[in-house]
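Please walk me through this protein in plain terms. I would like to know what the side chains do, where the chosen residues sit, and how far the coordinates can be trusted.

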Amino acid sequence: MPITVNQKKNGGYIIIRATGTETYSLNELASSGETVQSASISEIMWSVDSSNSWTIKRGGGDAGNNVAVLHGSGYHDYQASGIRLEQDDQLTSNTTITLSGGTGYIAVKLHKVSGE
């Protein structure tokens with residue numbers, strides 16, 4: 001579970017790096033003493049071989065909602081584009097990253113809103 005955290009008062013971001021399936025709750029995105037109230041995907045960088053794909057869901061387990069299905073390799077900066085992948089009610093949900101098969105790498109940057 002490799003995670004990088006940049007914490008600022010009442011917010012910051014977290015970068016999740018994965019080579020396989022991972023699931024994160026808001027509590028797992030928190031640094032020591034922090035309470036994360038919500039998190040939104042702001043950037044994604046990925047690579048996956050052949051006909052495989054990365055799927056990102058917000059919500060619990062198989063019942064989660066797909067917010068992205070990514071093939072090949074690429075980079076999206078949703079924050080710079082002024083768009084958000086998730087619906088408002090998904091910002092407090094688990095984030096699940098699934099590799100369909102083969103080999104791949106993904107980095108997902110989430111912006112956090114935190115309480116003190």
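Aromatic pairs come first: in this predicted model, the count of them is zero. The cut-off behind that count is ring centres within 6.5 Å for Phe, Tyr and Trp. An aromatic ring does appear in another kind of arrangement, since Lys 109 lies over the face of Tyr 13, at 4.2 Å from the ring centre.

The overall build is as follows. The protein has one helix and nine strands, and along the sequence they follow the pattern β-β-β-β-β-β-β-α-β-β. Of its 116 residues, 43% count as buried. Taking contacts between residues at least 6 apart in sequence, 72% join residues at least 24 apart. The accessible surface comes to about 5900 Å², and carbon and sulfur atoms account for 46% of it.

Confidence varies along the chain. The mean pLDDT of the protein is 88, with 86% of the residues at 70 or more. Among the elements, strand 7 (residues 73-77) has the highest mean, 97, and strand 1 (residues 3-8) the lowest, 61. Where pLDDT is low, the predicted coordinates should not be read in detail.

Strand 4 is a useful place to look at individual residues. Ala 39 is found in this strand, which covers residues 35-48. Is Ala 39 buried or exposed? Ala 39 counts as buried because its relative accessibility is 1%, and the cut-off for buried is under 20%. Leaving out residues up to four places away in sequence, Ala 39 touches Leu 26, Leu 29, Arg 58, Glu 86, Leu 91, Leu 110, His 111 and Lys 112. Gly 12 is 27 residues from Ala 39 along the chain, and the C-alpha atoms of the two are separated by 9.6 Å.

Glu 43 also has its place in strand 4. With a relative accessibility of 18%, Glu 43 therefore counts as buried. Which side chain does the side chain of Glu 43 join in a polar contact? The partner is Tyr 75, and the contact is 2.4 Å. Again without residues up to four places away in sequence, Glu 43 touches Tyr 75, His 76, Asp 77, Tyr 78, Ala 107, Val 108 and Lys 109. Lys 109 is thus a neighbour in contact with Glu 43, and Lys 109 is also the residue over the face of Tyr 13.

Two loop residues, one on each side of strand 4, complete the tour. Glu 34 is found in the loop between strand 3 (22-24) and strand 4. At 12% relative accessibility, under the 20% cut-off, Glu 34 counts as buried. Its side chain has a polar atom 2.7 Å from the backbone nitrogen of Ser 31. The side chain of Glu 34 also makes a polar contact of 3.0 Å with the side chain of Lys 112. Lys 112 is one of the residues that Ala 39 touches.

Ser 50 is found in the loop between strand 4 and strand 5 (53-58). Is Ser 50 buried or exposed? Ser 50 counts as exposed because its relative accessibility is 69%, and exposed means over 50%. The backbone of Ser 50 has a phi near 55°, a positive value in a residue other than glycine.

Methods
Residues numbered from 1 in each chain as written. Predicted model: local features only at pLDDT ≥ 70, side-chain atom pairs only at ≥ 80, totals over all residues. Heavy atoms only, no water. Phe/Tyr/Trp six-rings, centres within 6.5 Å; stacked < 30°, edge-to-face > 60°. Lys NZ or Arg CZ within 6 Å of the ring centre and 35° of its normal. Helix = DSSP H or I, 4+ residues; strand = E, 2+ residues; numbered from the N terminus. Buried < 20%, exposed > 50% of the residue type's maximum accessible area, 1.4 Å probe, protein only. Contact = heavy atoms within 4.5 Å. Polar contact = N/O pair within 3.5 Å; in protein donor to acceptor, adjacent residues only side chain to side chain. pLDDT = per-residue confidence, 0-100. Areas by Shrake-Rupley, 256 points an atom, 1.4 Å probe, with all protein chains shown as cover.
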